Amino acid sequence: MAQLPIKVGLYARVSTIDQQSLSLQLQAMRSYVENRKWSIALEIKDIGSGANQRPQRELLLSAARRREIDVVMVWKLDRWGRSLSDLVVSLKELSELNVGFVSLTEALDFSTPVGRAMAGMLAVFAEFERDILKERVRAGIAQARLEGKSHGRPKSAALKKKQI
């Protein structure tokens, strides 16, 4: 009896609508799937930066829960997880569902013990990188305030204080 091809759910995400890498991500993943002789069951395109809710990603997770896909594939690990804890929780859920996870550019397959270990290490470094960026932004804001530069929303109601 012939084995059915592995059904893959592709997840591509960019932070803002003007980024052009969405098609690049999808093309690379489609090529990988074709070379492995898998089949694409679902293709998700997501646009958003660090949002707490990603409804498009939730569609892919729902398909995994319904066993409509065997593997979730992302172009890069940081496209999937919002934080280390989010990454760990979502990968654990996929593992419990016996749904594989492939991160294309890092060449990681988290269905293997080595792949899971590497995923944990990469996630730690990705979170470290985000924390460094946050610290730099805070330092820049503090420096701007020291120099008397305004930061944040422009004053609108405060300009009409006398009228109010």
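Helices (at least four residues) and strands (at least two) are DSSP runs, numbered from the N terminus. With that in hand, let's work through some exercises on this predicted model.

**Exercise 1. The order of the elements**

Work out how many helices and strands the chain has, and in what order they come.

*Solution.* Begin with the count: there are 5 helices and 5 strands. Next, walk along the chain from the N terminus, and you read β-α-β-α-β-α-α-β-β-α. Now turn to the overall form. The radius of gyration is 21 Å, well over the 15 Å that the globule rule gives for 164 residues, so the chain is more spread out than a compact globule. For the box, look at the C-alpha atoms: along the principal axes they fill roughly 80 × 30 × 25 Å.

**Exercise 2. Inside and outside**

Find what share of the chain's residues is buried, and how the accessible surface is made up.

*Solution.* Of the 164 residues in the chain, 30% are buried. The accessible surface comes to about 11,000 Å², and carbon and sulfur atoms hold 57% of that surface. As a last step, take the contacts with a separation of 6 or more: 68% of them join residues 24 or more positions apart.

**Exercise 3. Two residues in helices**

Decide whether Gln25 is buried or exposed, and then do the same for Ala123.

*Solution.* First, place Gln25: this residue lies in helix α1, residues 21–36. The cut-off for buried is under 20% relative accessible area. Gln25 has 0%, so Gln25 is buried. Leaving aside neighbours within four places in sequence, its contacts are Ala12, Arg13, Val14, Trp75 and Arg79.

Now for Ala123, which is found in helix α5. Its relative accessible area is 4%, so Ala123 is buried. Not counting residues up to four places away in sequence, Ala123 touches Leu77, Leu84 and Leu87. To finish, follow the chain for 35 residues from Ala123 to Ala158: their C-alpha atoms are separated by 44 Å.

**Exercise 4. The largest pocket**

Describe the largest pocket by its volume and its lining.

*Solution.* Start with the volume, which is about 600 Å³. Then look at the lining, made of 24 residues, with Asp78, Gly81, Arg82, Ala126 and Arg130 nearest the centre. Next, ask which helices take part: α3 (77–80) and α5 (113–146) each supply at least two lining residues. Helix α5 gives the most, with 10 residues. Finally, sort the lining by kind, and you find 7 nonpolar, 5 polar and 12 charged residues.

Terms used. Residues numbered from 1 in each chain as written. Predicted model: local features only at pLDDT ≥ 70, side-chain atom pairs only at ≥ 80, totals over all residues. Heavy atoms only, no water. 1 Å grid on protein atoms, 1.4 Å probe; cavity = no way out; pocket = protein on both sides within 12 Å on 5 of 7 lines; lining within 4 Å. Points joined across faces, edges and corners; volume = space filled by probe spheres on them. Nonpolar A, V, L, I, M, F, W, Y, C, P; charged D, E, K, R; others polar. Rg over C-alpha atoms; globule rule 2.2 N^0.38 Å. Buried < 20%, exposed > 50% of the residue type's maximum accessible area, 1.4 Å probe, protein only. Contact = heavy atoms within 4.5 Å. Areas by Shrake-Rupley, 256 points an atom, 1.4 Å probe, with all protein chains shown as cover.
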